[in-house]
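Biologist: Before planning any bench work, I should like to go through this structure with you. May I put some questions about it?

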Amino acid sequence: MTALMKSVGVRAMKLLSSAVNFRLNQCGETPIRSLRSFSTLRSPPSKAIVYEQHGSPDSVTRLVNLPPVEVRDNDVCVKMIAAPINPSDINRIEGVYPVRPPVPAIGGYEGVGEVYAVGSKVNALSPGDWVIPSPPSSGTWQTFVVKEESVWHKIDKSCPMEYAATITVNPLTALRMLEDFVSLASGDSLVQNGATSIVGQCVIQLARLRGISTINIIRDRAGSDEARENLKALGADQVFSESQLNVKNVKSLLGELPEPALGFNCVGGNAASLVLKFLREGGTMVTYGGMSKKPITVSTTSFIFKDLELKGFWLQNWLSLGKVRECREMIDYLLGLARDGKLKYETELVPFDEFPVALDKALGKVVRRDCTTIESQDTTMADESRLTRDRPIEL
């Protein structure tokens with residue numbers, strides 16, 4: 001996953017490379033509670049990444065200045081700190097994602113911010129609190145966001161900012177897939193392609209915490225040896241490039257690991273077929289992405305003689321089932337792991353003023369690390385901002 005990550009007043013905004021992040025604000029303004037007298041409470045002027053039509057993100061997005069917005073009684077004004085550029089953010093801008101805001105729109109879907117001001121009827125949040133939109137909410141690629149109190153979830157400020165900005169879409173996907181399809185116990189194993197993605201890295205670490213072994217498939221490309229070692233450092237048990245699996249019986253490569261009952265596919269094409277070859281009889285492959293844009297081909301024998309089951313997972317659909325409380329509990333769990341160093345993925349920071357650079361990283365036009373974050377300087381605001389793509393953006 002790449003970030004605009006993989007998040008704009010702004011002392012610096014950063015972009016992450018497995019995720020790209022903008023860092024938007026560094027808390028230079030003095031937070032205010034609310035003005036209950038004769039004046040209307042308004043947000044400060046804001047900067048935002050907007051698109052007025054669908055198309056290639058590098059041609060339709062632009063940085064604009066936005067006027068102050070009224071903060072109503074039940075509203076919270078949040079000064080964004082960081083937000084990612086996820087692949088789904090790119091797809092929304094392109095107009096190909098199933099759920100997307102109407103244009104013109106402000107980019108971004110997740111991120112972390114600091115409460116700047118609250119309306120007169122807001123009681124659960126106070127200026128200075130760190131919050132994330134939960135479930136995720138469109139429009140996080142801006143320096144100040146005004147939305148109702150119910151949108152925001154207060155989090156522990158001791159969690160590293162880059163994880164807070166990117167915890168919802170990818171780590172939560174990994175956690176839900178581990179828990180929703182096959183009941184795995186300590187000693188079991190799973191197989192996945194796209195192992196170097198943020199979801200893939202999270203799967204490795206979350207599985208390891210449960211005593212579950214992982215068999216991981218990566219692409220043949222420059223740097224694959226380094227990628228293999230990085231995944232093993234996270235706890236991967238086996239890491240194979242696709243070319244290493246051009247053998248008659250891939251299961252002969254498992255050694256003492258049990259045949260996996262669960263597989264994850266985010267690539268499609270041949271990489272999906274390799275996941276299926278590893279699965280034991282009655283196994284399940286869950287597809288959550290299609291990075292190769294190639295179809296999944298399944299042999300008749302896989303269904304008849306192995307009784308394999310194919311399923312799909314879309315986080316957006318899960319979040320739409322009224323699971324706000326459950327979602328927030330899992331986010332707190334994942335943030336706790338990140339805070340304790342038990343869940344990690346690399347991010348790269350890029351100033352928000354360098355949004356085009358961050359976007360190029362997110363689009364794969366520039367060599368990047370796993371996560372890219374944008375950090376930007378804004379003379380009108382004394383705060384940092386970040387942009388990421390799978391990747392967080394700091395605002």
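Biologist: What percentage of the residues in the protein chain is buried?

Modeller: Please note that this is a predicted model. A residue counts as buried when its relative accessible area is under 20%. Of the 395 residues in the protein chain, the buried share is 58%.

Biologist: Is helix 7 largely enclosed or not, and how many of its residues are buried?

Modeller: Helix 7 spans residues 269-278, and the rest of the structure largely encloses it because so many of its residues are buried. Among the buried ones are Gly269, Leu274 and Phe278. They pack against several strands, including strand 11 (189-192) and strand 16 (309-312). The buried count in helix 7 is eight of the 10 residues.

Biologist: Is Phe303 buried, partly exposed or exposed?

Modeller: Phe303 lies in helix 8 (residues 300-304). On the surface, Phe303 joins Ile296, Ile304, Phe305 and Leu310 in a nonpolar patch with about 490 Å² of accessible area together. The class between buried and exposed runs from 20% to 50% relative accessible area. Because its relative accessibility is 42%, Phe303 counts as partly exposed.

Biologist: Which strands stand at the edges of the open sheet with the order 4-3-6?

Modeller: The three strands of this open sheet pair in the antiparallel sense. Each edge strand has a single partner strand, so one side of each is left without a neighbour in the sheet. The edge strands are strand 4 (61-66) and strand 6 (105-106).

Biologist: Which residue of strand 4 is the bridge partner of Ile49?

Modeller: Strand 3 (residues 46-51) pairs with strand 4 over six bridges. In strand 4, the partner of Ile49 is Leu63.

Terms used:
Residues numbered from 1 in each chain as written. Predicted model: local features only at pLDDT ≥ 70, side-chain atom pairs only at ≥ 80, totals over all residues. Heavy atoms only, no water. Patch = residues over 30% accessible without salt bridge, like charges linked within 9 Å, V, L, I, M, F, W, Y side chains within 5 Å. Areas by Shrake-Rupley, 256 points an atom, 1.4 Å probe, with all protein chains shown as cover. Salt bridge = Lys/Arg side-chain N within 4 Å of Asp/Glu carboxyl O. Helix = DSSP H or I, 4+ residues; strand = E, 2+ residues; numbered from the N terminus. Buried < 20%, exposed > 50% of the residue type's maximum accessible area, 1.4 Å probe, protein only. Contact = heavy atoms within 4.5 Å. Pairing = 2+ DSSP bridges.
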